Amino acid sequence: MSDEIDLHALSDDELIEQVHQDLYDGLREEVEEAVRIFLDRKWAPYDVLTKALVEGMRIVGVDFRDGILFVPEVLLSANSMKAGMAILQPLLASSGAPRMGKMVIGTVKGDIHDIGKNLVGMMMEGAGFEVIDIGINNPVENYLAALEEHRPDILGMSALLTTTMPYMKVVIDAMKEKGIRHDYVVLVGGAPLNQAFADAVGADGYCRDAAVAVEMAKSFMSQRQGSPQARGDVVT
Ligand code: B1M
(Lines give C-alpha, C1' and ligand atoms only; values in the text may rest on other atoms or scores of the structure.)
Protein backbone atom coordinates (compact mmCIF):
# COMPACT_ATOMS: atom_id res chain seq x y z
CA MET A 1 0.00 0.00 0.00
CA SER A 2 1.35 3.34 -1.03
CA ASP A 3 0.14 5.16 2.10
CA GLU A 4 2.57 3.10 4.17
CA ILE A 5 5.49 4.30 2.05
CA ASP A 6 7.47 7.44 2.77
CA LEU A 7 7.97 8.72 -0.77
CA HIS A 8 10.72 11.06 0.41
CA ALA A 9 12.79 8.10 1.56
CA LEU A 10 12.85 6.48 -1.89
CA SER A 11 15.74 6.80 -4.31
CA ASP A 12 14.98 8.37 -7.69
CA ASP A 13 14.63 4.97 -9.37
CA GLU A 14 12.40 3.65 -6.61
CA LEU A 15 10.29 6.78 -6.75
CA ILE A 16 9.83 6.39 -10.52
CA GLU A 17 8.61 2.82 -9.96
CA GLN A 18 6.32 4.05 -7.20
CA VAL A 19 4.77 6.76 -9.39
CA HIS A 20 4.04 4.14 -12.03
CA GLN A 21 2.35 2.03 -9.36
CA ASP A 22 0.45 4.98 -7.88
CA LEU A 23 -0.72 6.08 -11.32
CA TYR A 24 -1.84 2.53 -11.98
CA ASP A 25 -3.77 2.56 -8.69
CA GLY A 26 -5.18 6.03 -9.40
CA LEU A 27 -3.69 7.55 -6.25
CA ARG A 28 -3.84 11.20 -7.14
CA GLU A 29 -2.31 12.70 -3.98
CA GLU A 30 0.64 10.31 -4.04
CA VAL A 31 1.31 11.15 -7.69
CA GLU A 32 1.19 14.85 -6.88
CA GLU A 33 3.54 14.40 -3.95
CA ALA A 34 6.02 12.42 -6.04
CA VAL A 35 6.02 15.08 -8.78
CA ARG A 36 6.83 17.71 -6.15
CA ILE A 37 9.62 15.55 -4.73
CA PHE A 38 11.21 15.19 -8.18
CA LEU A 39 11.05 18.94 -8.67
CA ASP A 40 12.59 19.49 -5.22
CA ARG A 41 15.36 17.11 -6.33
CA LYS A 42 15.94 19.44 -9.30
CA TRP A 43 14.63 17.09 -11.93
CA ALA A 44 13.76 18.85 -15.20
CA PRO A 45 9.96 19.10 -15.53
CA TYR A 46 10.13 17.40 -18.94
CA ASP A 47 11.92 14.38 -17.42
CA VAL A 48 9.33 14.10 -14.65
CA LEU A 49 6.63 14.25 -17.30
CA THR A 50 8.07 11.63 -19.62
CA LYS A 51 9.80 9.22 -17.22
CA ALA A 52 7.22 9.26 -14.44
CA LEU A 53 3.84 10.24 -15.85
CA VAL A 54 3.84 9.32 -19.56
CA GLU A 55 5.60 6.02 -18.95
CA GLY A 56 3.17 5.25 -16.11
CA MET A 57 0.23 5.88 -18.39
CA ARG A 58 1.78 3.66 -21.05
CA ILE A 59 1.75 0.80 -18.55
CA VAL A 60 -1.89 1.54 -17.69
CA GLY A 61 -2.67 1.44 -21.43
CA VAL A 62 -1.19 -2.03 -21.81
CA ASP A 63 -3.37 -3.48 -19.05
CA PHE A 64 -6.42 -1.58 -20.33
CA ARG A 65 -5.85 -3.18 -23.73
CA ASP A 66 -5.47 -6.60 -22.17
CA GLY A 67 -8.69 -6.33 -20.18
CA ILE A 68 -6.95 -6.20 -16.81
CA LEU A 69 -7.99 -2.60 -16.14
CA PHE A 70 -11.41 -1.14 -16.96
CA VAL A 71 -12.75 2.34 -17.71
CA PRO A 72 -13.44 3.43 -14.09
CA GLU A 73 -9.92 2.45 -13.02
CA VAL A 74 -8.33 4.07 -16.06
CA LEU A 75 -10.30 7.24 -15.35
CA LEU A 76 -8.73 7.38 -11.89
CA SER A 77 -5.31 6.91 -13.46
CA ALA A 78 -6.06 9.63 -16.00
CA ASN A 79 -7.16 12.03 -13.27
CA SER A 80 -4.01 11.31 -11.27
CA MET A 81 -1.94 11.94 -14.38
CA LYS A 82 -3.74 15.22 -15.00
CA ALA A 83 -3.09 16.28 -11.40
CA GLY A 84 0.61 15.62 -11.87
CA MET A 85 0.59 17.46 -15.19
CA ALA A 86 -1.10 20.45 -13.57
CA ILE A 87 1.91 20.89 -11.28
CA LEU A 88 4.29 20.74 -14.24
CA GLN A 89 2.15 22.89 -16.53
CA PRO A 90 3.36 26.35 -15.42
CA LEU A 91 6.96 25.15 -15.49
CA LEU A 92 6.68 23.72 -18.99
CA ALA A 93 4.64 26.61 -20.34
CA SER A 94 6.82 29.48 -19.09
CA SER A 95 10.10 28.93 -20.84
CA GLY A 96 10.40 32.60 -21.77
CA ALA A 97 10.84 31.52 -25.39
CA PRO A 98 10.12 34.23 -27.98
CA ARG A 99 6.59 34.21 -29.45
CA MET A 100 6.66 31.63 -32.25
CA GLY A 101 3.11 31.55 -33.61
CA LYS A 102 -0.40 30.48 -32.78
CA MET A 103 -2.03 27.05 -32.67
CA VAL A 104 -5.61 25.88 -32.30
CA ILE A 105 -5.80 22.32 -31.02
CA GLY A 106 -8.67 19.96 -30.25
CA THR A 107 -9.67 16.31 -30.05
CA VAL A 108 -12.00 15.19 -32.84
CA LYS A 109 -15.69 14.37 -32.67
CA GLY A 110 -16.59 11.18 -30.80
CA ASP A 111 -13.34 11.18 -28.86
CA ILE A 112 -12.92 12.33 -25.27
CA HIS A 113 -9.24 11.50 -24.76
CA ASP A 114 -7.43 14.69 -23.86
CA ILE A 115 -4.24 13.92 -21.95
CA GLY A 116 -2.03 13.79 -25.04
CA LYS A 117 -3.63 16.90 -26.50
CA ASN A 118 -3.13 18.77 -23.23
CA LEU A 119 0.47 17.70 -23.13
CA VAL A 120 1.06 18.90 -26.67
CA GLY A 121 -0.55 22.22 -25.73
CA MET A 122 1.73 22.61 -22.71
CA MET A 123 4.86 21.82 -24.67
CA MET A 124 3.86 24.18 -27.46
CA GLU A 125 3.31 26.97 -24.94
CA GLY A 126 6.70 26.20 -23.46
CA ALA A 127 8.21 26.59 -26.93
CA GLY A 128 6.64 30.04 -27.29
CA PHE A 129 3.40 29.27 -29.15
CA GLU A 130 0.08 30.75 -28.17
CA VAL A 131 -2.28 27.79 -27.81
CA ILE A 132 -6.04 27.87 -28.07
CA ASP A 133 -7.39 24.57 -26.81
CA ILE A 134 -10.93 23.85 -28.02
CA GLY A 135 -11.26 20.71 -25.92
CA ILE A 136 -12.65 17.30 -26.81
CA ASN A 137 -15.35 15.84 -29.03
CA ASN A 138 -15.16 18.59 -31.63
CA PRO A 139 -17.37 18.50 -34.73
CA VAL A 140 -16.02 20.13 -37.87
CA GLU A 141 -17.99 23.31 -37.13
CA ASN A 142 -15.98 23.89 -33.95
CA TYR A 143 -12.68 23.68 -35.81
CA LEU A 144 -13.85 26.03 -38.56
CA ALA A 145 -15.23 28.52 -36.03
CA ALA A 146 -11.98 28.46 -34.04
CA LEU A 147 -9.91 29.00 -37.19
CA GLU A 148 -12.04 31.95 -38.18
CA GLU A 149 -12.01 33.46 -34.70
CA HIS A 150 -8.36 32.97 -33.79
CA ARG A 151 -6.61 32.91 -37.20
CA PRO A 152 -3.85 30.58 -35.98
CA ASP A 153 -0.83 29.49 -37.97
CA ILE A 154 -1.35 25.85 -37.09
CA LEU A 155 -4.32 23.58 -36.59
CA GLY A 156 -3.63 20.55 -34.39
CA MET A 157 -5.99 17.60 -34.20
CA SER A 158 -5.84 14.70 -31.79
CA ALA A 159 -7.55 11.28 -31.98
CA LEU A 160 -6.96 8.21 -29.83
CA LEU A 161 -9.45 5.82 -31.35
CA THR A 162 -9.31 4.01 -34.68
CA THR A 163 -13.01 4.85 -34.98
CA THR A 164 -12.52 8.61 -34.57
CA MET A 165 -9.27 9.23 -36.42
CA PRO A 166 -10.94 9.23 -39.89
CA TYR A 167 -12.80 12.35 -38.74
CA MET A 168 -9.62 14.32 -39.32
CA LYS A 169 -10.25 13.94 -43.04
CA VAL A 170 -13.73 15.39 -42.60
CA VAL A 171 -12.17 18.53 -41.09
CA ILE A 172 -9.44 18.81 -43.72
CA ASP A 173 -11.93 18.26 -46.55
CA ALA A 174 -14.17 20.97 -45.10
CA MET A 175 -11.19 23.33 -45.04
CA LYS A 176 -10.53 22.50 -48.70
CA GLU A 177 -14.16 23.15 -49.61
CA LYS A 178 -14.01 26.55 -47.95
CA GLY A 179 -10.78 27.33 -49.80
CA ILE A 180 -8.84 27.84 -46.56
CA ARG A 181 -6.78 24.63 -46.43
CA HIS A 182 -3.54 26.32 -47.42
CA ASP A 183 -3.98 29.16 -44.94
CA TYR A 184 -3.00 26.78 -42.14
CA VAL A 185 -0.46 24.12 -41.31
CA VAL A 186 -2.38 21.03 -40.19
CA LEU A 187 -0.61 18.74 -37.73
CA VAL A 188 -2.19 15.53 -36.44
CA GLY A 189 -1.35 13.14 -33.65
CA GLY A 190 -2.63 10.38 -31.39
CA ALA A 191 -1.60 6.84 -30.53
CA PRO A 192 -3.26 4.97 -33.45
CA LEU A 193 -2.03 7.38 -36.17
CA ASN A 194 1.02 7.08 -38.37
CA GLN A 195 2.67 8.94 -41.21
CA ALA A 196 0.77 7.02 -43.89
CA PHE A 197 -2.52 7.98 -42.27
CA ALA A 198 -1.51 11.63 -42.03
CA ASP A 199 -0.57 11.59 -45.72
CA ALA A 200 -3.84 9.87 -46.65
CA VAL A 201 -6.01 12.48 -44.90
CA GLY A 202 -4.00 15.35 -46.33
CA ALA A 203 -2.35 16.65 -43.16
CA ASP A 204 0.96 18.50 -43.34
CA GLY A 205 2.57 16.47 -40.59
CA TYR A 206 2.19 13.51 -38.26
CA CYS A 207 3.46 14.07 -34.72
CA ARG A 208 4.43 10.91 -32.88
CA ASP A 209 4.63 12.80 -29.59
CA ALA A 210 4.60 16.27 -28.10
CA ALA A 211 8.30 16.85 -28.67
CA VAL A 212 7.90 16.05 -32.38
CA ALA A 213 4.87 18.36 -32.51
CA VAL A 214 7.00 21.22 -31.21
CA GLU A 215 9.85 20.54 -33.62
CA MET A 216 7.52 20.23 -36.56
CA ALA A 217 5.59 23.36 -35.63
CA LYS A 218 8.83 25.35 -35.36
CA SER A 219 10.08 24.05 -38.67
CA PHE A 220 6.80 24.89 -40.46
CA MET A 221 6.86 28.35 -38.89
CA SER A 222 10.34 29.05 -40.19
CA GLN A 223 9.30 27.86 -43.66
CA ARG A 224 6.20 30.07 -43.47
CA GLN A 225 8.18 33.11 -42.41
CA GLY A 226 10.27 32.76 -45.54
CA SER A 227 7.24 32.15 -47.75
CA PRO A 228 5.75 34.67 -50.17
CA GLN A 229 2.53 34.75 -48.10
CA ALA A 230 4.43 35.64 -44.94
CA ARG A 231 6.33 38.41 -46.72
CA GLY A 232 3.08 39.80 -48.11
CA ASP A 233 4.09 39.17 -51.76
CA VAL A 234 1.31 38.67 -54.30
CA VAL A 235 1.01 34.92 -54.88
CA THR A 236 -0.22 33.94 -58.33
CO1 B1M B 1 -9.29 4.99 -23.89
N2 B1M B 1 -8.58 3.87 -25.30
N3 B1M B 1 -11.06 4.52 -24.30
N4 B1M B 1 -9.67 5.97 -22.28
N5 B1M B 1 -7.38 5.03 -23.45
C6 B1M B 1 -7.14 3.90 -25.60
C7 B1M B 1 -6.85 4.98 -26.63
C8 B1M B 1 -6.89 2.43 -26.13
C9 B1M B 1 -5.71 2.33 -27.10
C10 B1M B 1 -6.74 1.50 -24.93
C11 B1M B 1 -6.43 0.08 -25.32
O12 B1M B 1 -7.30 -0.65 -25.69
N13 B1M B 1 -5.20 -0.28 -25.26
C14 B1M B 1 -8.27 2.10 -26.81
C15 B1M B 1 -8.39 2.47 -28.28
C16 B1M B 1 -8.35 1.26 -29.18
C17 B1M B 1 -8.46 1.66 -30.59
O18 B1M B 1 -9.20 2.50 -31.00
N19 B1M B 1 -7.65 1.00 -31.38
C20 B1M B 1 -9.23 2.89 -25.95
C21 B1M B 1 -10.62 2.63 -25.86
C22 B1M B 1 -11.13 1.40 -26.58
C23 B1M B 1 -11.48 3.46 -25.12
C24 B1M B 1 -13.00 3.31 -24.97
C25 B1M B 1 -13.76 2.97 -26.25
C26 B1M B 1 -13.24 2.27 -23.85
C27 B1M B 1 -14.68 1.93 -23.58
O28 B1M B 1 -15.49 2.76 -23.31
N29 B1M B 1 -14.96 0.66 -23.70
C30 B1M B 1 -13.41 4.71 -24.42
C31 B1M B 1 -13.70 5.69 -25.57
C32 B1M B 1 -14.17 7.03 -25.06
C33 B1M B 1 -14.26 8.05 -26.17
O34 B1M B 1 -13.27 8.75 -26.45
N35 B1M B 1 -15.39 8.12 -26.84
C36 B1M B 1 -12.14 5.10 -23.72
C37 B1M B 1 -12.11 5.90 -22.57
C38 B1M B 1 -10.97 6.25 -21.89
C39 B1M B 1 -10.97 6.98 -20.55
C40 B1M B 1 -12.09 8.02 -20.43
C41 B1M B 1 -11.12 5.96 -19.44
C42 B1M B 1 -9.50 7.55 -20.51
C43 B1M B 1 -9.37 8.96 -21.12
C44 B1M B 1 -9.26 10.03 -20.08
C45 B1M B 1 -8.80 11.35 -20.67
O46 B1M B 1 -8.13 11.43 -21.68
N47 B1M B 1 -9.20 12.39 -20.03
C48 B1M B 1 -8.78 6.59 -21.45
C49 B1M B 1 -7.38 6.43 -21.47
C50 B1M B 1 -6.59 7.17 -20.40
C51 B1M B 1 -6.73 5.63 -22.44
C52 B1M B 1 -5.23 5.21 -22.52
C53 B1M B 1 -5.03 4.16 -21.46
C54 B1M B 1 -4.19 6.29 -22.34
C55 B1M B 1 -4.31 7.47 -23.29
C56 B1M B 1 -3.36 8.55 -22.80
O57 B1M B 1 -3.76 9.49 -22.14
N58 B1M B 1 -2.04 8.34 -23.07
C59 B1M B 1 -5.16 4.65 -24.00
C60 B1M B 1 -4.09 3.60 -24.19
C61 B1M B 1 -2.97 4.07 -25.09
O62 B1M B 1 -2.98 5.11 -25.69
N63 B1M B 1 -1.98 3.22 -25.19
C64 B1M B 1 -6.57 4.39 -24.33
C65 B1M B 1 -0.98 9.22 -22.57
C66 B1M B 1 -0.75 10.36 -23.58
C67 B1M B 1 0.41 11.23 -23.10
O68 B1M B 1 -0.41 9.79 -24.83
O69 B1M B 1 -2.65 10.37 -25.86
O70 B1M B 1 -0.95 8.97 -27.13
P71 B1M B 1 -1.24 10.05 -26.17
O72 B1M B 1 -0.61 11.43 -26.73
C73 B1M B 1 0.72 11.54 -27.20
C74 B1M B 1 0.86 11.25 -28.71
O75 B1M B 1 -0.11 10.37 -29.21
C76 B1M B 1 0.85 12.59 -29.34
O77 B1M B 1 1.53 13.38 -28.37
C78 B1M B 1 1.06 13.00 -27.08
C79 B1M B 1 2.09 13.34 -26.06
O80 B1M B 1 3.35 12.79 -26.32
N81 B1M B 1 -0.42 13.28 -29.65
C82 B1M B 1 -0.44 14.37 -30.47
C83 B1M B 1 -1.67 13.08 -29.23
N84 B1M B 1 -2.49 13.98 -29.72
C85 B1M B 1 -1.77 14.80 -30.50
C86 B1M B 1 -2.14 15.92 -31.27
C87 B1M B 1 -1.16 16.57 -31.97
C88 B1M B 1 0.18 16.14 -31.93
C89 B1M B 1 0.56 15.03 -31.19
O90 B1M B 1 -1.55 17.65 -32.69
C91 B1M B 1 -0.61 18.40 -33.32
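Reader: Let's start with serine 158: how far does a polar side-chain atom of this residue lie from a nitrogen atom of the ligand?

Author: Happy to help, with the reminder that this is a predicted model. Ser158 is among the residues that come nearest to the ligand, along with Ile112, His113, Asp114 and Thr162. A polar contact here needs a pair of N or O atoms within 3.5 Å. The distance from the polar side-chain atom of serine 158 to the ligand nitrogen is 2.8 Å.

Reader: Which residue brings a backbone N or O atom to 3.1 Å from an oxygen atom of the ligand?

Author: Two backbone contacts are worth setting side by side. Glycine 190 places a backbone N or O atom 3.5 Å from a ligand nitrogen, so to speak on the nitrogen side of the list. The backbone atom that lies 3.1 Å from a ligand oxygen belongs to alanine 210.

Reader: Which helix gives the most residues to the shell around the ligand?

Author: Good one! The elements that each supply at least two shell residues include the helices H3 (45-65), H4 (71-93) and H5 (115-126). Strands S1 (101-107), S3 (154-158) and S4 (185-189) also each supply at least two. With five residues, the top contributor is H4.

Reader: How many residues of the shell around the ligand are nonpolar?

Author: The ligand sits in the largest pocket, and 34 residues surround the ligand. By class, six of these are charged and nine are polar. The nonpolar count is 19.

Reader: Which strands are at the edges of the sheet?

Author: The sheet is open and has five strands, with parallel pairing, in the order S2-S1-S3-S4-S5. An edge strand pairs on one side only, and that holds for S2 (129-133) and S5 (205-207). Neighbouring strands are turned by 25° against each other on average, direction ignored. The edge strands, then, are S2 and S5.

Reader: Which residue in S2 stands opposite valine 104?

Author: S1 and S2 pair in the parallel sense, over five bridges. Across from valine 104, the residue in S2 is isoleucine 132.

Note on methods
Residues numbered from 1 in each chain as written. Predicted model: local features only at pLDDT ≥ 70, side-chain atom pairs only at ≥ 80, totals over all residues. Heavy atoms only, no water. Near = heavy atom within 4 Å. Polar contact = N/O pair within 3.5 Å; in protein donor to acceptor, adjacent residues only side chain to side chain. 1 Å grid on protein atoms, 1.4 Å probe; cavity = no way out; pocket = protein on both sides within 12 Å on 5 of 7 lines; lining within 4 Å. Sits in = over half its atoms within 2 Å of the grid points. Helix = DSSP H or I, 4+ residues; strand = E, 2+ residues; numbered from the N terminus. Nonpolar A, V, L, I, M, F, W, Y, C, P; charged D, E, K, R; others polar. Pairing = 2+ DSSP bridges. Axes fitted to C-alpha atoms, helices over the stretch in contact; angles between N-to-C directions.
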